[in-house]
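Thanks for making the time this morning; I would like to walk through one chain with you, going from a single polar residue to the packing and then to the cysteines. Please have the viewer open as we go.

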Amino acid sequence: MRLVLMLLAVPLLSLAGCSRAADGPTVELKGRTYTVEIADDFQEQAHGMLFVYEAAERQAYGMRNCHIPLDIMYFDAAGRFINAHYNAPPCNAAQCPSYPSSAPAKYVLELGGGVGKALGLAPGDALTLPQ
């Protein structure tokens with residue numbers, strides 16, 4: 001499987017992971033229980049998803065069945081910023097556009113639409129990864 005690790009709840013400010021209590025609020029869906037974080041204020045909503053691949057290669061993400069716009073940011077094997085697609089809109093069509101990396105990427109960071117753009121990233125900017 002290409003996708004080695006998916007980290008949920010990457011804080012906007014440190015981009016270095018966060019800890020959460022094992023016990024917390026839960027939801028149940030189809031007989032399965034999931035521990036969740038409640039994002040009821042902006043600070044808690046400043047989370048994202050970090051996708052980590054085994055090797056750097058061209059990536060392309062789509063927005064099919066997403067509910068909110070996202071900033072999709074690509075980073076190389078050394079964690080250097082390559083390129084981004086900001087405010088990629090949700091898509092509910094049968095065929096949706098893809099948003100590709102401009103070079104091989106090992107890391108893909110998704111944040112809420114406009115959050116990544118506000119950082120003013122430039123090619124080569126470093127992503128600090130969890131240890």
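**Asn-83 and its surroundings**

Leaving aside neighbours within four places in sequence, Asn-83 is in contact (heavy atoms within 4.5 Å) with Ile-72, Met-73, Tyr-74, Pro-100, Ser-101 and Ser-102. Before I go further, please keep in mind that this is a predicted model, in which local features need pLDDT of at least 70 and side-chain atom pairs count only at pLDDT 80 or more, while totals for chains, interfaces and linings use all residues. Residues are numbered from 1 along each chain as its sequence is written, and side-chain values use heavy atoms, with hydrogens and water left out.

Asn-83 sits in strand E7, where strands are DSSP runs of at least two residues, numbered from the N terminus. Is Asn-83 buried or exposed? Asn-83 counts as buried because its relative accessibility is 14%, buried meaning under 20% relative accessible area, exposed over 50% and partly exposed in between, with a 1.4 Å probe and protein chains only. The side chain of Asn-83 reaches the backbone nitrogen of Ser-102 at 2.9 Å.

Turning to the packing, the largest nonpolar core has 12 residues, including Phe-51, Tyr-61, Ile-72, Tyr-74 and Ala-105; such a core is a set of buried Ala, Val, Leu, Ile, Met, Phe, Trp, Tyr and Cys residues joined through side-chain atoms within 4.5 Å. Strands E4, E6 (70-75), E7 (81-88) and E9 (105-112) each supply at least two residues of this core, and the largest share, three residues, comes from E6. A second, separate core of 10 residues includes Leu-50, Val-52, Tyr-107 and Leu-111.

Ring pairs link Phe-51, Tyr-61 and Tyr-74 into a cluster, where rings of Phe, Tyr and Trp (its six-membered ring) pair if their centres lie within 6.5 Å, with planes under 30 degrees apart counted as stacked, over 60 as edge-to-face and the rest as tilted. Both Phe-51 and Tyr-61 are buried.

Finally, the cysteines: Cys-91 and Cys-96 form a disulfide, with their sulfur atoms 2.1 Å apart, a disulfide being a pair of cysteine sulfur atoms within 2.5 Å. The link of Cys-91 and Cys-96 is left-handed, with -85 degrees about the S-S bond. Why is Cys-66 without such a bond? The closest cysteine sulfur, in Cys-96, is 8.8 Å from the sulfur of Cys-66, which is too far for a bond.

How values were computed: Helix = DSSP H or I, 4+ residues; strand = E, 2+ residues; numbered from the N terminus. Polar contact = N/O pair within 3.5 Å; in protein donor to acceptor, adjacent residues only side chain to side chain.
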